[in-house]
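Welcome! Here is a friendly walk through a structure you may be meeting here for the first time. Have the sequence and the view at hand as you read.

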Amino acid sequence: MAQNEQTTETTTAPQKKGGSKVVIIMGVALLALGGACAYLLLGKSSHGNAPEEPKVVLSKQEQYLPMDPPFVVNFKDDQSMRFLQVGVSLMSHDAAALASAKEAEPVIRNAMVMLFSSQDYSILSDAAGKQKLQADALAAVRKIVEQRLGRPGIEALYFTSFVMQ
């Protein structure tokens with residue numbers, strides 16, 4: 001019986017060593033597989049966590065924001081003081097941009113007053129001067145809205161009235 005016990009022990013001992021090798025190999029394989037999965041998941045999630053630009057909902061119809069009351073500024077001409085009254089409306093297909101412009105109206109009005117009051121009467125007397133002033137005003141409004149909204153959104157600026165005296 002002692003021999004049977006020794007034989008059983010020797011027979012059992014190699015099976016335990018062989019079994020532990022298989023367990024170790026399986027463990028390493030599982031760790032490698034787990035690492036590969038983690039790499040793929042983290043790699044995808046790090047790209048997925050990158051801030052995506054929110055989709056901007058644009059309406060099909062133009063939307064307008066009138067800047068009321070009209071701007072009234074005075075500026076100097078060679079001979080006398082001149083007055084300029086300009087009605088302005090902003091146009092966009094992006095309602096969020098118009099809402100941002102509405103919230104920033106005091107800042108926009110200040111920029112427009114400064115721009116309009118720095119003009120020269122002789123330049124504003126012809127159409128090209130008015131178009132340049134319109135382009136400058138649009139650029140100023142776009143800059144203000146983009147700083148607040150994080151994207152451009154105002155597409156056009158229209159002079160709804162333009163009176164010089």
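## Rings, charges and a helix crossing

Arg-109 lies over the face of Phe-71, at 4.3 Å from the ring centre. In a similar spirit, the charged end of Arg-82 sits over the ring of Tyr-121, 3.8 Å from its centre. Please keep in mind that this is a predicted model.

Let us step back to the whole chain. Five helices and three strands make up its elements, and from the N terminus on they run α-β-β-α-α-α-α-β. Of the 165 residues in the chain, 25% are buried. Among contacts with a separation of 6 or more, 72% are between residues 24 or more positions apart.

Now to the aromatic rings. A pair of aromatic rings is described by the distance of the centres and the angle of the planes. How many aromatic pairs does the structure hold? There are four aromatic pairs, and two of them are set out here.

| Aromatic pair | Centre to centre | Angle between planes | Kind |
|---|---|---|---|
| Tyr-64 and Tyr-158 | 6.4 Å | 50 degrees | tilted |
| Phe-116 and Phe-159 | 6.2 Å | 70 degrees | edge-to-face |

Where do the partners of the tilted pair lie? Tyr-64 belongs to strand 1 (residues 58-76) and Tyr-158 to strand 3 (residues 156-164), so this pair ties together parts that are 94 residues apart in sequence. Tyr-64 is partly exposed, at a relative accessible area of 47%. Tyr-158 counts as partly exposed too, with 37% relative accessibility.

The edge-to-face pair joins a helix to a strand: Phe-116 lies in helix 3 (residues 105-117) and Phe-159 in strand 3, so the pair ties together parts that are 43 residues apart in sequence. Is Phe-116 buried or exposed? Phe-116 is buried, because its relative accessible area is 0% and buried means under 20%. Ring pairs also link Phe-71, Phe-116, Phe-159 and Phe-162 into a cluster. Phe-71, a member of that cluster, is the residue whose ring face has Arg-109 over it.

Stay with strand 3 for a moment, since Val-163 has its place there. At 43% relative accessibility, Val-163 is partly exposed. Which residues does Val-163 touch, leaving aside those up to four places away in sequence? They are Phe-83, Leu-84 and Gln-85. For Leu-84, the C-alpha atom is separated from that of Val-163 by 5.7 Å, although the two residues are 79 residues apart along the chain.

Strand 1 has a detail of its own. Pro-69 lies in this strand, and the peptide bond leading from Asp-68 to Pro-69 is cis, with omega near 0 degrees.

Finally, look at how two helices meet. Helix 2 (residues 95-103) and helix 5 (residues 127-149) pack at an angle of about 105 degrees, and their axes are 9 Å apart. That angle makes helix 2 roughly perpendicular to helix 5. Helix 2 brings Ala-96, Ala-97, Ser-100 and Ala-101 to the contact, while helix 5 brings Val-145, Arg-148 and Leu-149. What kinds of residues make up this contact of helix 2 with helix 5? Five are nonpolar, one is polar and one is charged.

Methods. Residues are numbered from 1 along each chain as its sequence is written. This is a predicted model: local features need pLDDT of at least 70, side-chain atom pairs count only at pLDDT 80 or more; totals for chains, interfaces and linings use all residues. Side-chain values use heavy atoms; hydrogens and water are left out. Axes are lines fitted to C-alpha atoms, for helices over the stretch in contact, and angles run from 0 to 180 degrees between N-to-C directions. Helices (H or I, at least four residues) and strands (E, at least two) are DSSP runs, numbered from the N terminus. Angles under 35 degrees count as roughly parallel, over 145 as roughly antiparallel, 65 to 115 as roughly perpendicular and the rest as oblique. Contact means heavy atoms within 4.5 Å. Ala, Val, Leu, Ile, Met, Phe, Trp, Tyr, Cys and Pro count as nonpolar, Asp, Glu, Lys and Arg as charged, and the others, Gly among them, as polar. Rings of Phe, Tyr and Trp (its six-membered ring) pair if their centres lie within 6.5 Å; planes under 30 degrees apart count as stacked, over 60 as edge-to-face and the rest as tilted. Buried means under 20% relative accessible area, exposed over 50%, partly exposed in between (1.4 Å probe, protein chains only). A charge sits over a ring if NZ of Lys or CZ of Arg is within 6 Å of the ring centre and within 35 degrees of the ring normal.
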